[in-house]
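Here are some exercises to work through with the model open beside you. Try each task before reading its solution.

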Amino acid sequence: MKKDHKVFDLIDQELQRQLHGAELIASENFASEQVLAATGSVMTNKYAEGYPGRRYYGGCQIVDQTEQLAIDRAKELFGAEWANVQPHSGAQANAAVFLACLRAGDTFMGLDLSHGGHLSHGAPVNLSGILYRPVAYMVSEDTGTIDYEQMEKIAMKEKPRLMVAGASAYPRDWDYARMREIADKAGALLLADIAHPAGLIAAKLLNAPLPHCHIITTTTHKTLRGPRGGMILMGKDFENPWGLTTPKGKVRMMSAVLDSAVFPGTQGGPLEHVIAAKAVAFGEALSPTFREYGKQVMKNAQAMAGAFTSKGYHVTSGGTDNHLMLIDLRSKFPDITGKKVENTLVLADITINKNMVPFDSRSPFQTSGIRIGTPAVTTRGLKEEHVVQIVDLIDEVISDIDNEHVIARVRAKVNALMKEFPLFAW
């Protein structure tokens, strides 16, 4: 068969971009060669609607073993008693949980999007905000951290059926025990969306959502450093809140309701090649070296946050507990938008993303902030002294943001630095 040069030339260009640049998007990482190999394997050829031992197709004896291995490793990694590894993404996992726990029009609570929440936690353009009634809790304007007292007041007033702990741009750890107290008072189920800190939680470096949360969703990339995909976990199974019964009249357990919500509720056939890669990634995360990697991710994030602060930038909440930080540009460059910074840094081969900051005065298309994370550069082997150098280079660009000579000079420095570090240092 003739090689498709157009596609593979583009793939090579993307490889070169990744090799030469500093990847600082908090939700990105570099999967291992084993994970890449599994993702591109013949497992992609197999249709396997259903679950291990309960498929709608024949010939699933091998993928059954692979998927069960992924389930078993996921449970071991997070101390869970049940796992579903089929969701195609974190948003798909959330959609399935909402379908299992809510009915159209029901109220649920999530972190305000402008305060770091995720699209699938109630954005009006997302099905979570279209099918259900979202109410938001926020961070404190004084501290930039979750205001649990305000959260409790809102929960007691609104009586949500479900509360969501989790964010896409929140640099601090979560008090899951406190949220469970609030959820119990309000009569709500508690969902932890740990898509961002999952790898750090697996490495036992941050608070564990189990046993406080009824259900957990996550992605399998980001800090977990696997293939792009999602997953649902539970500590202990429990009877579904709707009183749904089996054909024999027994109340269905939540695990069965969640399984049905994934397939056939929100998805068709699972991506068995991605599930194989998830199994590989979970195995890697169970190794002792993964915990050391997680520690370095956090050290690098704290070093960067400190370096930005020393240069006069406002780091929201005053720092970071995890792998990311949110920079409010208004403290130093009130006239420069996050969009402008993102687009300019790309020219210098530094990849970050614009992001709203709490109580932002700009729209989500412009933003007053940028979000920065350390998982990918840490995978390449960068340490504190290297990420502080990158902060210097970022500041150099922003300080003279329209100067093409500065951009070119910084790009050369970035390329020289990254040349010292392979993609798969860990």
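Helices (H or I, at least four residues) and strands (E, at least two) are DSSP runs, numbered from the N terminus. The model is a predicted one, in which local features need pLDDT of at least 70 and side-chain atom pairs count only at pLDDT 80 or more, while totals for chains, interfaces and linings use all residues. Residues are numbered from 1 along each chain as its sequence is written, and side-chain values use heavy atoms, with hydrogens and water left out.

**Exercise 1.** Describe the lining of the second largest pocket.

*Solution.* Start with the helices: helix 1 (5-20) and helix 2 (33-39) each supply at least two residues of this lining. Helix 1 gives the largest share, five residues. Next, sort the lining by type: ten residues are nonpolar, six polar and six charged. (Ala, Val, Leu, Ile, Met, Phe, Trp, Tyr, Cys and Pro count as nonpolar, Asp, Glu, Lys and Arg as charged, and the others, Gly among them, as polar.)

**Exercise 2.** Find the edges of the open sheet of seven strands, and then look at the pairing of strand 9 with strand 10.

*Solution.* First write down the strand order, 4-10-9-8-7-5-6, with mixed pairing; two strands pair if DSSP finds at least two bridges between them. Strand 4 (82-84) and strand 6 (133-137) are at the edges with a single partner strand each, so one side of each has no neighbour in the sheet. Now take strand 9 (residues 215-219) and strand 10 (residues 230-234): they run antiparallel and are joined by four bridges. As one example to locate, T218 has M231 in strand 10 as its bridge partner.

**Exercise 3.** Which residues of helix 9 are buried, and what do they pack against?

*Solution.* Begin with burial, where buried means under 20% relative accessible area, exposed over 50%, and partly exposed in between (1.4 Å probe, protein chains only). In helix 9 (residues 254-266), the buried residues are M254, S255, V257, L258, D259, A261, V262 and F263. Then trace their contacts, a contact being heavy atoms within 4.5 Å. The buried residues of helix 9 pack against strand 2 (50-51), strand 3 (54-55) and strand 4. They also pack against helix 4, strand 9 and strand 10. To tie this to the previous exercise, strand 4, strand 9 and strand 10 are among the strands in the order of the open sheet.
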